[in-house]
Amino acid sequence: MRFLPAERFAITIILALAALDAGLLAFKHVDIDVIGYISALMTGGTAVAIGQFYRRFRHNEGIALATTAAGLFITFTIVGSVFNYLLLPISGGRIDPVLMQADAALGFSWVGFVTFVSDHPWFGTLTRYVYLSSMPQLIIVILVLGFTRQKEALHSFLLTGLIAALITIGFWGLLPSSGPSAFLVLPDAVLASMPTVVGPAYGAELNRLANEGVTYITPQEVLGLIAFPSFHTIMACLSVWFMARFKYVMPLFIALNLVMIPAILIHGGHYLVDLIGGVATFAFALVLSGMALKQADRRYRATTTTQTA
């Protein structure tokens, strides 16, 4: 195996998180869909293996960078979602009332905004598709950066995403929130005119999980638990920031993710302040990833120098 410094750093995070998952599963006596998660992990593992094959035997670093990063990102997403679920149930209450007050101070009403958009069903449909484009966008970014051999940018993208996700989960673990769909009721006419991705049933399930916790985890039924900070906002920032270097496609990504702003509010069931928190988390993670990359490179060079001495 020939992993680069940032890839090794990501693997360390993934292994540490997987160990935490295993410990919490045993401690909390939570059952898990072993076959389902092995199948999911094989997707990420296969991508990493393909990357290693192209790096060692085909000497095609573009494919190696892209597939390795994609595999690591997928694998982290899987172990991270399990860890997030294992933080359930929520004790001590949620901070949603505070977030609602913050929205009110900014003059924003989630119910009012969704109701207004429901009068324009075409926009509701458009934002639904844009909302669902978040993960495909990230895969495109990984492939473009990898195939164009922009190693530094790709690894900055990878570590920024991982660190931002850890910050998001960590904050939620201390100060959990579920979003307006778990507390506010939309008029029936609004729901009939514009079904949201995160609707009343979704909100009810979030409340159940918050109160009862989980006894069985399967990848087929995993929900997004976190309201603040919004990880969908972080994903949008990742797409725009790291595609900005490609001037021909940059306008498309900017336009797409401008529409992502209302899409997150409508279909993600988020408060306005969730988006602000997402932008702040992304910026902080971007700085931390730069520091982590420098440290990983220094250790890698020191190890390489020692081995060749």
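Here are a few notes on this predicted model, covering its largest pocket, one of its helices and some of its aromatic pairs.

1. Let's start with the pocket. The largest pocket holds about 1100 Å³ of space. Its lining is made up of 40 residues, and Thr77, Leu223, Gly224, Phe231 and His232 lie nearest the centre. By class, 26 of the lining residues are nonpolar and 14 are polar, with no charged residues.

2. Which helices supply at least two residues each to that lining? They are α2 (34-58), α3 (61-85), α7 (134-147), α8 (151-174), α10 (200-212) and α11 (231-243). The largest share, nine residues, comes from α3.

3. Helix α2 deserves a look of its own. With 25 residues at 1.5 Å a residue, α2 should span 36 Å, and the 34 Å between its end C-alpha atoms agrees with that. After α2 comes histidine 59, which has a positive phi, near 55°.

4. On the inner side of α2, the buried residues are Gly36, Tyr37, Gly44, Ala47, Val48, Gly51, Gln52 and Arg55. These buried residues pack against α1 (5-28), β1 (31-32), α3 and β2 (216-217). Also worth finding on screen is the aromatic cluster formed by Phe53, Tyr54 and Phe57.

5. Threonine 75 is a good residue to click on next; it lies in helix α3. Is threonine 75 buried or exposed? Its relative accessibility is 14%, and buried means under 20%, so threonine 75 counts as buried. Leaving out residues up to four places away in sequence, threonine 75 touches Ile14, Leu41, Gly44 and Gly45.

6. Now for the aromatic pairs, of which there are eight. In one of them, the ring centres of tryptophan 122 and phenylalanine 123 are 5.5 Å apart and the planes stand at 75°, so this pair is edge-to-face. Tryptophan 122 counts as exposed because its relative accessibility is 59%, while phenylalanine 123, at 22%, counts as partly exposed.

7. Tryptophan 241 and phenylalanine 282 also pair: their ring centres lie 6.2 Å apart with the planes at 65°, so the arrangement is edge-to-face. Tryptophan 241 sits in helix α11 and phenylalanine 282 in helix α13 (residues 272-308), so the pair ties together parts that are 41 residues apart in sequence. As for accessibility, tryptophan 241 is partly exposed, with a relative accessible area of 48%, whereas phenylalanine 282 counts as buried at 6%.

Key
Residues are numbered from 1 along each chain as its sequence is written. This is a predicted model: local features need pLDDT of at least 70, side-chain atom pairs count only at pLDDT 80 or more; totals for chains, interfaces and linings use all residues. Side-chain values use heavy atoms; hydrogens and water are left out. On a 1 Å grid over the protein atoms alone, a cavity is a set of points where a 1.4 Å probe fits but cannot get out, and a pocket is an open set with protein on both sides within 12 Å along at least five of seven lines; lining residues have an atom within 4 Å of a point. Grid points are joined across faces, edges and corners, and a volume is the space filled by probe spheres set on the points. Helices (H or I, at least four residues) and strands (E, at least two) are DSSP runs, numbered from the N terminus. Ala, Val, Leu, Ile, Met, Phe, Trp, Tyr, Cys and Pro count as nonpolar, Asp, Glu, Lys and Arg as charged, and the others, Gly among them, as polar. The expected span of a helix is 1.5 Å times one less than its number of residues. Buried means under 20% relative accessible area, exposed over 50%, partly exposed in between (1.4 Å probe, protein chains only). Contact means heavy atoms within 4.5 Å. Rings of Phe, Tyr and Trp (its six-membered ring) pair if their centres lie within 6.5 Å; planes under 30 degrees apart count as stacked, over 60 as edge-to-face and the rest as tilted.
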